[in-house]
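Reader: Hi! I'm new to looking at protein models, and I'd love a close look at one part of this one. Could you walk me through a single spot on the surface and then show me how it fits into the whole?

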Amino acid sequence: RALQEELENPMNVHRWRELEGSDPATYEMIQKVKSLQKLLIAKTEEVVEKDAQIQGKEKLYVQLKNIIARQPGPEVAEQL
């Protein structure tokens, strides 16, 4: 019932602002959590990009390795 009344008549729209004044340590922790979450998202995106680059390089390595395997070696040059 109380939550329903709160939704109908929101008294405290900016909850974090009141928290900032009443308990600065908790507010600072919330701000730190938000910044760490942003940092985590950025690092995760960076890891995904690096992983895609690694997979591309590995694919290129395998292709080049197969091409070199098909090339005649120095033994053929000696026979000619």
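Author: Happy to! Leu-60, Leu-64 and Ile-67 make up a nonpolar patch on the surface, and together they offer about 250 Å² of accessible area. Let's pick out Leu-60, which sits in helix α3. Its relative accessibility is 44%, so Leu-60 counts as partly exposed, because that label covers values between 20% and 50%.

Now for the helix around Leu-60. Keep in mind that this is a predicted model. Helix α3 spans residues 24–70 and has the highest mean pLDDT among the elements of the chain, at 90. Helix α2, residues 15–22, has the lowest, with a mean of 54. Where pLDDT is low, predicted coordinates should not be read in detail. For the protein chain, the mean pLDDT is 78, and 64% of the residues reach 70 or more.

Finally, step back to the whole chain. It has four helices and zero strands, so you can read its elements from the N terminus as α-α-α-α. Of its 80 residues, 1% count as buried. The accessible surface of the chain comes to about 8000 Å², and carbon and sulfur atoms account for 59% of that.

Methods:
Residues are numbered from 1 along each chain as its sequence is written. This is a predicted model: local features need pLDDT of at least 70, side-chain atom pairs count only at pLDDT 80 or more; totals for chains, interfaces and linings use all residues. Side-chain values use heavy atoms; hydrogens and water are left out. pLDDT is the predictor's confidence in each residue, from 0 to 100. Helices (H or I, at least four residues) and strands (E, at least two) are DSSP runs, numbered from the N terminus. Patches are made of residues with over 30% relative accessible area and no salt bridge: like charges are joined within 9 Å, nonpolar side chains (Val, Leu, Ile, Met, Phe, Trp, Tyr) within 5 Å. Accessible areas come from the Shrake-Rupley method with a 1.4 Å probe; for residues, only the protein chains shown count as cover. A salt bridge is a side-chain nitrogen of Lys or Arg within 4 Å of a carboxyl oxygen of Asp or Glu. Buried means under 20% relative accessible area, exposed over 50%, partly exposed in between (1.4 Å probe, protein chains only).
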